[in-house]
Structures are given as structure tokens and as C-alpha cells.
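Here's a walk through one structure, written for someone who likes to check contacts by eye. Have the viewer open and follow along.

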Amino acid sequence: MAGKINLTDELKKYFGFDKFKGNQEAIIHNLLNGGDTFVLMPTGGGKSLCYQLPSLLMEGTAIVISPLIALMKNQVDAMRNFSEEDGIAHFINSSLNKGAIDQVRSDILAGKTKLLYVAPESLTKEENVEFLRSVKISFYAVDEAHCISEWGHDFRPEYRRIRPIINEIGKAPLIALTATATPKVQHDIQKNLGMVDAQVFKSSFNRPNLYYEVRAKTGNIDRDIIKFIKNNPEKSGIIYCLSRKKVEELAEILQANGINARPYHAGMDSVTRTKNQDDFLMEKVEVIVATIAFGMGIDKPDVRFVIHYDIPKSLEGYYQETGRAGRDGGEGQCITFYTNKDLQKLEKFMQGKPVAEQEIGKQLLLETAAYAESSVCRRKSYCIILVKSIRKKIVEIVTTV
Ligand code: ADP
Ligand code: MG
């Protein structure tokens, strides 16, 4: 089937884009030919399209497993923009009432729905499995697939039950996608999803439009940040802090200094939190001060700076977070404020955890150090400083346990 259609024409017809980005076309071909597919592509590389386009071209409904409810809604809305038929994309998660679920099911059974987004917790529900068994599935997509791996930075236990559920619902090709590139995470995902023979597509993780800088973290950090923002008027930016308290404090300080900033963290009430996120996406607000709870799947192309107020917990996380800058290919400044104290904080944080988690934490630090030194590393100077500090810390931790 793939041989008969011109994919570039289909891309133009459905999404209005003139050409594919990176490996997209090869990935889509592989999926259309029925092959299991593993996609490693940096944030902003265009992973969604790798399952969205095939879903429109293949018979049946594609199941997309995705971790965040907010993210699903965002993607379903985007798909509906490309089509006259609202039923073309749906999601099933805990936010839907019975009436809404009935509507979704009847659209699927009527053959209207090409893409169904589900949260892993909903996928594993008996009634949903039962229903999906009666549906023609074109393929399964596991987005943000690093959530499967305990070695990833965003582990979700429910993600590890995906394979048995797929077997119950019915066999179809599988595509897994992630921006997390360490070999261990990759191996873990493939093994757990039963796709060790999948064709792997790995893109370059180098983003030449991102500029990296490390600045000393002093008592003047707030002033430094205010100055930076004032020197970059009307530019969108994200500031990451480790604690919720710091998020609130810094947002207030910025506001007091005439900067249109809003806080975002998982402890806020969901209405305010969603409003702050939407205001940022809609450009009503320039700066969002957030914990790492903010950002996964956020598609704001013109974020011009990402500031790390504290040292990131892992380089993988750092990579994802800074990757949210300059998605449109334009300038992205990534500034990290760094002191040795931050690593001590990290160590203390780990000590309070169960031994198994400490083990994972140590492994993560080791891996991030290795990762920083690998060819994937983007700007040497930052990596060297960070690796040296991490190394020192690992030696200390390992020798004290
Ligand atoms: P990822 O999931 O890899 O982080 P997304 O799927 O959210 O990235 O895509 C990032 C951006 O790239 C989106 O705005 C999307 O519309 C755009 N995009 C994807 N494919 C193409 C293409 N072939 N041409 C132009 N823009 C594209
Ligand atoms: Mg994505």
C-alpha cells in the first residue's frame, strides 16, 4: 500500500506542510508496511506526525497511548483543526463522563475515528479492553515511551502493562516514540514492549539554534534574572526551579518588578494552573516560573529562553527542558545557574529515599555523566563543568554508602 501513495502529497493535503522533517517519511513508510518502529527524536522534532499521518491513511483506528490528560486534549484539538469531522480524533481518560464515552464509542464503531488517545490507566480498564477487542485497530503508538523505563526521568508504573493489554486487544504494528536517548532506556522500552526487533530511527539530537550558558549562582540571582528578562523584552521564556516554594516566590518577585510572570507547579489548584499554562501559550503572559511538572508535550514554538534556577536533577531532564526553547528553529537561550551547593541538595534529597530509589538515583547520575560526555552532548563547556561536579559527587556518594 505504501508504494502506491505519494506521502508528500498526503502530508500537504492533511497538514499543509511541504516536506517531511528528519526521518519522518522513512518512519511512516516502515509503519505503513506493518513493521514495529522505534523513534528517538529530540523534543520538537515532529514525533506526533509519525503516527498522525499514518492513522489517516490506514484502515481502522490507531490507539495512541499518552501519559498526560492535558496533552491529549491539546493533540485531539490539533487533529480536529486538520479535518472537517470532529469524530476523527478522540480521547478516553478519567475526565470523561459516561455520555461522552458513549459518543466516543459510537464514533469509533461508525468508522469515523482514526486516532484514539488513551491514558494507560484507561487502557487497562476491563470495559475498555472489551470494547476495543471489537474494533479494527490500525496500529498502536506509545508516545513519551521513556515513561516505561525506571531508568527514565518520568517513570509511570502503568506504562509497564501496555504489552499484555495490547495482546488482549489484538495484534497490530507498534510504534514507540521518545526524546530520551540513553541506550539503557531504549533497551528497557523495547524489551518491555516486546519489540526488540523493531526498526530503530534515531535522529540527530544536535540543535544548533540553542545557545548554552552556565552562570554562577550568587546571592544576586534574582536580580540577574530580572535584568536578563528586561534585556529581552517581549520574549517568551520558562524558568525552572526545583521546589514549588521557590516557584511561587520567584514568580512574585518578578511580578513585583513589573514582569508579566506566572507560577506553575503540581501543588496548585488545577484551574489556576491550567489558566497560567494557557495564558502562556496564548501569549498573554511572557514568563512562566515552573517546576519540571511544566512542559511535557507543550508545543509553543517561540520560547526564546529557558532558565534553570537550580541545577537540573538529571541531564536527560535538562535536555528535555532546554529543548523547549527555539522549537521553531529561531534563537533559544538556555541559561543554568549553578553552585556546588545544588549537588549537595540533590544528594540529601536522595538520602531520604528508599535504598532502591537511591540506587536508581546514583545510576541516573552516572548515566547523565556518561551521556554528557557522549556525542549527543550539545555544548561542551556546560557538560564539562557538570560532569566534573557530578563525578565528584558520585565518588562521594558511592564511597559513603
Ligand atoms: P515532538 O513530539 O517530537 O516534541 P511535535 O510532534 O510536537 O514534536 O512537533 C513539533 C512541531 O513541529 C509542531 O509544531 C509540528 O506541527 C511541527 N511539524 C511536524 N512535522 C512537520 C513538518 N514536516 N513540517 C513542518 N512542521 C512540522
Ligand atoms: Mg511529542
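A polar contact here is a pair of N or O atoms within 3.5 Å. Keep that cut-off in mind for the ligand, and keep in mind too that this is a predicted model.

## Around ligand 1

Start with the side chains that reach ligand 1. K47 has an N or O atom in its side chain 2.8 Å from an oxygen atom of the ligand. S48 does something along those lines, with a side-chain N or O atom 2.6 Å from a ligand oxygen atom. For Q24, the partner is a nitrogen atom of ligand 1, which lies 3.0 Å from a polar atom of the Q24 side chain. Taken alone, ligand 1 exposes 580 Å², and the protein buries 76% of that.

Zooming out a bit, 14 residues surround ligand 1. The closest are K19, Q24, G44, K47 and S48. Sorted by class, that shell has 6 polar, 5 charged and 3 nonpolar residues.

## Rings meeting rings

How many aromatic pairs does the structure hold? The count is 6. Take Y51 and Y117: their ring centres are 6.5 Å apart and their planes sit at 70 degrees, so this pair is edge-to-face, the class for planes over 60 degrees apart. The two come from distant parts of the chain, 66 residues apart, with Y51 in helix α3 (residues 48-57) and Y117 in strand β4 (residues 115-118). Are these two tyrosines, Y51 and Y117, buried or exposed? Both are buried.

Y264 and F294 make another such pair: with ring centres 4.9 Å apart and planes at 70 degrees, they are edge-to-face as well. This pair also links distant parts of the chain, 30 residues apart. Y264 belongs to strand β10 (residues 261-264), while F294 is in the loop between β11 (287-290) and β12 (303-308). Y264 counts as buried because its relative accessibility is 9%, and F294 is buried with a relative accessible area of 0%. Elsewhere, F15, F17 and F82 form one aromatic cluster.

## Charges over rings

Two phenylalanine rings have a charged side-chain end over them. The charged end of R105 sits over the ring of F131, 4.8 Å from its centre. For F280, the visitor is K300, whose charged end sits over the ring at 5.5 Å from its centre.

## Loop side chains that grab backbone

T113 is in the loop between α5 (98-109) and β4. At 1% relative accessibility, T113 is buried, since the cut-off for that label is under 20%. What does the T113 side chain meet? One of its polar atoms lies 2.8 Å from the backbone oxygen of G87.

N209 is another loop residue, found between β7 (199-202) and β8 (210-216). Its side chain reaches two backbone oxygens: that of G330, 2.8 Å from a polar side-chain atom of N209, and that of G329 at 3.4 Å.

## Positive phi, and one more loop residue

Most residues other than glycine have a negative phi. E144 goes against that habit, with a positive phi near 50 degrees. It sits in the loop between β5 (137-142) and α8 (162-169), and E144 is buried, with a relative accessible area of 11%.

E283 also has a positive phi, about 65 degrees, although it is not a glycine. Its place is the loop between α12 (270-281) and β11. Where E144 is buried, E283 counts as partly exposed, at 46% relative accessibility.

Last stop is K125, in the loop between α6 (120-123) and α7 (126-133). K125 has 43% relative accessibility, so it counts as partly exposed. Where does I165 lie relative to K125? The two are 40 residues apart along the chain, and their C-alpha atoms are separated by 9.5 Å.

Conventions:
Residues numbered from 1 in each chain as written. Chains lettered and ligands numbered in written order. Predicted model: local features only at pLDDT ≥ 70, side-chain atom pairs only at ≥ 80, totals over all residues. Heavy atoms only, no water. Near = heavy atom within 4 Å. Polar contact = N/O pair within 3.5 Å; in protein donor to acceptor, adjacent residues only side chain to side chain. Areas by Shrake-Rupley, 256 points an atom, 1.4 Å probe, with all protein chains shown as cover. Nonpolar A, V, L, I, M, F, W, Y, C, P; charged D, E, K, R; others polar. Phe/Tyr/Trp six-rings, centres within 6.5 Å; stacked < 30°, edge-to-face > 60°. Helix = DSSP H or I, 4+ residues; strand = E, 2+ residues; numbered from the N terminus. Buried < 20%, exposed > 50% of the residue type's maximum accessible area, 1.4 Å probe, protein only. Lys NZ or Arg CZ within 6 Å of the ring centre and 35° of its normal.
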